[in-house]
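Hi,

Here is the structure I said I would pass on to you. Have a look at it first, and then read my notes below.

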2 protein chains.
Amino acid sequence: MFIESTREIRLASYPAGLPTAANFELATTPVPPLKQGEVLVKNLWMSVDPYMRGRMVNRESYIPPFQIGKALDGGAVGEVIESSSPRLKVGDVVLHQFGWREHVVATDSAFHLIDTRLAPPQAWLGAIGMPGMTAWTGLTRIARAQPGETVFVSAASGAVGTIAVQIAKILGCRVVASVGSEEKAELARTLGADAVINYRSARDLTAALHMAAPEGIDVYFENVGGSHLEAALNLLKPNGRVALCGMIEQYNATEAPRGPANLGLAIVKRLRLEGFIVSDHWGHYPEFVKAMAGWLAAGKIQTRDTIREGLAAAPDAFIGLFRGENTGKMLVKLA
Amino acid sequence: MFIESTREIRLASYPAGLPTAANFELATTPVPPLKQGEVLVKNLWMSVDPYMRGRMVNRESYIPPFQIGKALDGGAVGEVIESSSPRLKVGDVVLHQFGWREHVVATDSAFHLIDTRLAPPQAWLGAIGMPGMTAWTGLTRIARAQPGETVFVSAASGAVGTIAVQIAKILGCRVVASVGSEEKAELARTLGADAVINYRSARDLTAALHMAAPEGIDVYFENVGGSHLEAALNLLKPNGRVALCGMIEQYNATEAPRGPANLGLAIVKRLRLEGFIVSDHWGHYPEFVKAMAGWLAAGKIQTRDTIREGLAAAPDAFIGLFRGENTGKMLVKLA
């Protein structure tokens with residue numbers, strides 16, 4: 001199969017605050033012929049994730065910033081449609097980091113063959129992919145949640161949150177979930193949350209969390225920042241743990257965010273707050289995949305996706321993450 | 001020896017902001033006759049410590065608040081002058097929690113016999129007592145500082161800080177110290193600090209810390225809070241650790257303190273911030289005493305005391321802690 005050109009989304013400019021369509025550019029780009037060891041992959045699904053906002057700032061971080069005028073990248077699943085590799089054949093479904101484009105040519109080692117009998121292609125961008133692995137890592141390796149403990153999960157209807165709620169239940173925890181709408185609250189309950197807070201209607205998040213967890217919380221899975229973290233610090237029991245996974249509230253901030261005024265409670269309550277990046281833990285990915293495949297097969301983990309169609313919809317899908325437009329994993333279907 | 005009455009300092013009122021002399025009351029109180037198993041102790045030294053401010057607030061915490069009209073308490077060292085106990089004899093020197101008074105009668109189990117050959121009586125309130133144990137616990141058990149790492153110690157001229165600087169050097173670390181005057185800076189250098197920041201003259205603490213530790217810091221020993229913590233978060237290397245020991249800057253705050261605006265860095269740099277209370281770690285006190293006695297004997301740890309004379313000076317000594325009036329351990333000499 002010979003393809004002369006494909007389409008990709010490039011970063012047109014670094015956003016100030018919430019990104020807009022003008023920060024992105026849809027471009028056509030040539031597809032080079034394959035060299036030995038390379039494959040041509042047609043993308044089926046691509047992921048948009050909140051962490052990508054951090055790469056739209058021109059500064060040093062744990063992962064380099066996106067470059068103006070270059071294609072963005074990120075998680076994607078595609079099908080091999082041409083191969084000069086002995087390792088991958090036409091029809092193989094692969095997970096890789098060349099998202100935000102319809103086709104890609106690269107050396108076979110950049111692609112991870114996935115087993116679609118364990119989970120459908122798009123789940124490898126969600127429950128059994130990076131977001132699911134993030135939820136599992138935060139709960140089991142960072143916060144080390146124990147059976148009988150109370151776990152508070154913020155952004156509980158998001159890609160990571162929906163899985164975190166369900167894994168915490170599997171671990172034998174009581175789960176308090178925070179979400180931003182009544183519809184999402186209903187979802188959180190369906191996924192097993194024992195108590196749900198709608199932070200948009202709760203006037204006082206500490207009071208709401210106290211009502212939901214009168215005896216306090218042992219673990220806070222932090223996805224939001226700001227007043228969520230303050231409420232969690234107020235309610236954490238002695239020796240409580242905070243898995244610092246994300247602070248989506250701050251990703252588009254144009255002023256310095258307000259830090260938690262009650263961080264001193266970490267001393268009197270001997271709290272541990274620990275930040276983590278899932279990529280540091282990939283050595284445990286096979287262990288996670290085995291567990292998650294079992295939970296999916298047993299119906300113990302349900303997946304939820306919000307799907308946008310076509311590459312041109314990707315910027316809007318991404319921007320929608322910060323408007324709370326996704327329930328579960330936000331995905332772009334490319335083919 | 002029969003003593004009819006003694007003097008004690010009582011809490012007259014809960015302070016608002018920085019305590020004043022009016023919050024304290026010097027009172028005379030009867031000394032009861034000894035019952036079986038009790039001893040009469042004449043206090044030689046008493047300790048004033050910043051954590052006591054937290055007990056001058058009428059709220060639930062890890063340690064109950066002081067009660068209005070009752071004697072304060074805290075670390076003290078005294079001599080047994082009368083004994084109805086088979087365990088303690090006249091002349092024994094003991095460490096105990098009945099500070100803020102000249103004499104005390106209590107059951108023998110409330111007193112810990114100390115070996116004044118290992119260190120002089122007052123050192124058991126400082127280097128080889130709670131502040132020293134706090135420094136050791138924070139560095140070795142919480143932050144787990146490793147040889148070759150860079151450790152930043154705030155309030156480095158204080159009771160905990162002076163010891164933390166020296167233990168960090170013994171552990172083979174490079175030490176950056178923050179202090180509040182040129183005189184204290186000189187002391188920190190004498191104690192072995194490799195670089196010293198005078199936070200009162202540094203306009204930008206992050207810039208000053210960057211200058212002192214161009215490659216960043218691995219460990220922050222937090223005694224201050226506020227802009228010190230923000231600067232530390234800015235300079236911490238990936239996988240850095242913060243031992244949250246105290247936030248003296250906030251103890252007299254009458255408004256909610258400003259939290260660190262850059263706590264999100266804990267995620268991208270995978271930082272661990274962990275609060276601790278030394279009393280949780282007393283099981284390790286014998287291990288610490290053994291190590292510290294050796295360091296003191298070898299001249300590897302120097303002690304510094306700021307001494308006020310007489311019980312009536314105790315409130316002023318305590319208030320002085322928040323004005324930075326102490327260099328090293330603030331002590332009140334009672335006899």
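What follows is a short run through the contact between the chains, and then a few points on chain A.

Keep in mind that this is a predicted model.

Let's start with the interface. Chain A and chain B each bring residues to it: 26 from chain A and 26 from chain B. Together they bury about 2200 Å², and 65% of that area comes from carbon and sulfur atoms. If you want to know where to zoom in on chain A, try L263(A), I267(A) and R270(A): these supply 28% of the area that chain A buries against chain B, more than any other three residues.

R270(A) turns up again in the charged pairs. There are 2 salt bridges across the interface of chain A and chain B. In one of them R270(A) pairs with D280(B), with the closest N and O atoms 2.6 Å apart. As for polar contacts, I have 5 residue pairs between chain A and chain B, counting those with both residues at pLDDT 80 or more.

Which elements of chain A supply at least two residues each to the side that touches chain B? They are α6 (265-268) and β13 (272-275). Of the elements, β13(A) gives the most, with 4 residues. Sorted by class, that side of chain A has 17 nonpolar, 5 polar and 4 charged residues.

The strand β13(A) also pairs across the interface. Its partner is strand β13 of chain B (residues 272-275); the two run antiparallel and are joined by 3 bridges. Within this pairing, R272(A) sits opposite E274(B).

Now away from the interface. Over all chains, the whole structure has 32 salt bridges. One to look at is R55(A) with D73(A), at 2.8 Å from N to O. Both R55(A) and D73(A) are in the loop between β3 (38-47) and β4 (76-83) of chain A, 18 residues apart.

Last, the annotation. UniProt, in an unreviewed entry, lists residues 17-332 of chain A as "domain: Enoyl reductase (ER)". In the model, that span is 24% helix and 25% strand, and its end C-alpha atoms lie 23 Å apart.

Cheers

Methods: Residues numbered from 1 in each chain as written. Chains lettered and ligands numbered in written order. Predicted model: local features only at pLDDT ≥ 70, side-chain atom pairs only at ≥ 80, totals over all residues. Heavy atoms only, no water. Contact = heavy atoms within 4.5 Å. Buried area = accessible area lost by both parts, 1.4 Å probe. Salt bridge = Lys/Arg side-chain N within 4 Å of Asp/Glu carboxyl O. Polar contact = N/O pair within 3.5 Å; in protein donor to acceptor, adjacent residues only side chain to side chain. Nonpolar A, V, L, I, M, F, W, Y, C, P; charged D, E, K, R; others polar. Pairing = 2+ DSSP bridges. UniProt positions renumbered as here; feature names shortened; annotations may be inferred.
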